[in-house]
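The following points are offered as a colleague's note on the structure shown below. They deal with strand pairing first and with surface pockets afterwards.

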Amino acid sequence: MKRFLLPAMLMILASCSSNNGNILFSWGNSDTHYALEERPEDLNVHAFRYTAWKGEKISAEAVIWPEEAMENVKIKVGKLKNGKAVIPAENVEADFVSYVMSDVFQDGYGQCGFRKKADFDSLLVADMLDGNVRERLDSGRCQPVWLSIDIPEGALPGEYTGEMTLSWNKGKKTLPVCFKVADRVLPDPSEWKFHLDLWQNPYSVARYHGVEPWSEEHFEYMKPVMKILADAGQKVITATIMDRPWNGQTEDAFGSMVTKTLRTDGSWEYGYEAFDRWVEFMMELGIDRQISCYTMIPWNLEFDYFDEAQGCMTVVKAEPSGNEYRNYWGRFLSDFADHLREKGWYEKTVIAMDERSEDAMKAALELIRSVQPDFKVSLAGNWHESLEPELYDYCIAFRQEYPEGIVAKRQAEGKVTTVYTCCAERYPNTFMVSPHAEAVWIPWYVLSKGYDGYLRWAYNSWTADPVADARFRAWPAGDCFIVYPDGRSSIRMEKFIEGIQDYEKARILMEGWAEEGMQEKIGKLNEILSSFTYEEITDKGPEEAVHKAKQAISDLL
């Protein structure tokens with residue numbers, strides 16, 4: 001196995017635990033990838049470095065290195081105390097981190113495009129948060145532990161202390177847990193302004209668990225997965241209004257959540273049962289700001305429907321500028337709009353397109369406006385000046401720039417203006433081998449540009465066996481998903497949430513400073529935000545900028 005330990009920018013401190021019993025148990029560095037077969041070196045005395053806010057979720061990483069096998073291993077954290085004030089144990093979670101097979105970046109290969117596993121070096125990466133019990137830990141293998149604490153909004157400010165206990169068949173060790181809480185409140189994720197748009201794949205859940213799509217069992221399996229997303233402040237429901245909008249590029253192709261039937265008398269009938277159940281389910285979880293419906297311009301321009309006269313599914317190929325396209329979509333859009341109004345969802349719904357050409361978008365927009373002039377439309381893709389006025393939700397690729405003044409203009413108009421990354425960006429990203437701090441860096445970058453949020457194309461498009469092997473036939477490992485089945489989060493997801501919380505904290509502070517005329521504080525933070533550029537992350541990596549920014553919002557409280 002190749003060494004895989006990414007450099008950390010934090011100061012390395014001494015371990016706070018001894019080696020009694022040949023078991024190393026110490027706080028580590030959550031920016032570090034710990035290699036499975038190497039004794040961890042990047043160790044810290046304390047779990048937490050920065051002052052937390054009430055309502056914030058904070059995380060830390062510990063490491064175990066046994067020089068003898070351990071059996072019946074458990075991790076537990078009890079309640080945390082600040083004098084008589086208590087954060088209860090149910091607000092604290094400790095998970096062993098499981099290693100998942102990944103590939104690495106290969107010189108001479110782009111990140112995007114089909115690949116053979118044999119052409120890429122592979123290694124195990126600690127990523128999946130996987131419960132607090134292990135039957136056995138083998139000697140000479142690193143075992144990371146992830147600690148998360150949800151600080152109640154009503155927590156008393158001050159210093160909280162407690163212990164994390166490691167127990168096994170031959171003994172027990174503890175680590176001190178200590179952190180400070182400021183007299184500031186981070187609102188509930190449903191109130192965050194960061195426009196988070198990670199595309200969900202319900203079909204992946206159905207396949208992995210072997211259940212019928214849209215059955216009761218399907219929704220039960222989806223609940224813990226989508227709850228993680230709701231708790232991250234997700235704003236958008238990903239819905240599909242046609243079959244295979246992305247031509248089946250993932251392990252599990254997206255199906256259509258609506259049915260289209262051409263009756264024998266030439267009329268059309270549309271069914272919305274799956275669409276309605278999916279939207280209602282997501283809204284019940286708290287994801288209710290926007291419904292993005294993909295798509296009127298699929299990659300292969302093939303559109304399916306059930307032909308009642310023929311008694312079978314039929315596919316028609318049509319260009320957006322053609323009559324067949326207008327006949328297919330014109331009738332549907334009118335009926336769909338009526339249905340959305342009846343459900344009270346019309347104002348939340350956008351007809352969404354992904355990386356489509358300017359000409360194709362103009363043709364689709366012309367049709368939409370002729371049928372439903374006020375239908376909202378979105379595009380994730382390249383910048384096109386001619387399209388901007390027509391798009392309620394515009395998301396451009398990371399390396400592109402909005403022209404000066406456009407973001408502010410759109411925000412004044414109540415529109416959504418964001419940025420996305422995909423397989424094309426080696427950094428910043430959330431691949432399995434990406435430095436953990438890159439996931440934190442991305443929301444800080446969004447803040448530095450004044451954007452509303454961030455989009456990524458795949459939240460849970462799982463590989464064939466995601467808990468064991470994240471490698472995929474087309475893109476780097478981890479590109480397709482950032483959480484695991486059964487509601488298991490990842491280090492990548494937890495660090496991304498950390499960055500979103502930083503965005504919200506900085507935004508709240510800057511808005512308050514502006515109201516109070518504290519321009520000096522705004523200037524200091526803006527100076528730090530100016531380092532969140534592609535050139536800086538290319539030259540220095542993400543850690544330096546991230547920790548300067550974190551220290552600033554801690555110091556400037």
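1. Ile 351 has Val 377 as its bridge partner in strand 21. The model examined here is predicted. Strand 20 and strand 21, the latter spanning residues 376-381, are paired in the parallel sense, with five bridges between them. To pass from strand 20 to strand 21, the chain runs through helix 5 (residues 358-371), and the resulting β-α-β crossover is right-handed.

2. Strand 20 also pairs with strand 17 (residues 290-294), again in the parallel sense, here over four bridges. Within this pairing, Thr 349 of strand 20 is the bridge partner of Ile 291.

3. Is strand 20 mostly covered or mostly open? The strand comprises residues 349-354, and six of its six residues are buried, so that by the cut-off of under 20% relative accessible area it is mostly covered. In a regular strand, side chains alternate between the two faces of the sheet. In strand 20, Thr 349, Ile 351 and Met 353 point one way, whereas Val 350, Ala 352 and Asp 354 point the other way. Asp 354 is thus listed among the buried residues, together with the other five named here.

4. The largest pocket holds about 730 Å³ of space. It is lined by 39 residues, of which Lys 57, Asp 150, Lys 227, Ile 228 and Asp 231 are the closest to its centre. Two or more lining residues come from each of strand 7 (92-103), strand 10 (143-150), helix 2 (216-231) and helix 8 (491-516). Helix 2 contributes the most, with five residues. Sorted by class, this lining has 15 charged, 13 nonpolar and eleven polar residues.

5. The volume of the second largest pocket is about 620 Å³. Which residues are the closest to its centre? Among the 34 that line it, they are Ala 47, Phe 48, Arg 49, Tyr 50 and Ser 59. The elements giving two or more residues to this lining are strand 2 (52-54), strand 3 (57-66), helix 8 and helix 11 (543-555). Helix 8 gives the most, with seven residues. By class, the lining has 13 nonpolar, eleven charged and ten polar residues.

6. A last point concerns helix 8. This helix gives two or more residues to the lining of the largest pocket, and it is the element that gives the most to the lining of the second largest pocket.

Key: Residues numbered from 1 in each chain as written. Predicted model: local features only at pLDDT ≥ 70, side-chain atom pairs only at ≥ 80, totals over all residues. Heavy atoms only, no water. Buried < 20%, exposed > 50% of the residue type's maximum accessible area, 1.4 Å probe, protein only. Pairing = 2+ DSSP bridges. Right-handed = clockwise from strand over helix to strand, strands pointing away. 1 Å grid on protein atoms, 1.4 Å probe; cavity = no way out; pocket = protein on both sides within 12 Å on 5 of 7 lines; lining within 4 Å. Points joined across faces, edges and corners; volume = space filled by probe spheres on them. Nonpolar A, V, L, I, M, F, W, Y, C, P; charged D, E, K, R; others polar.
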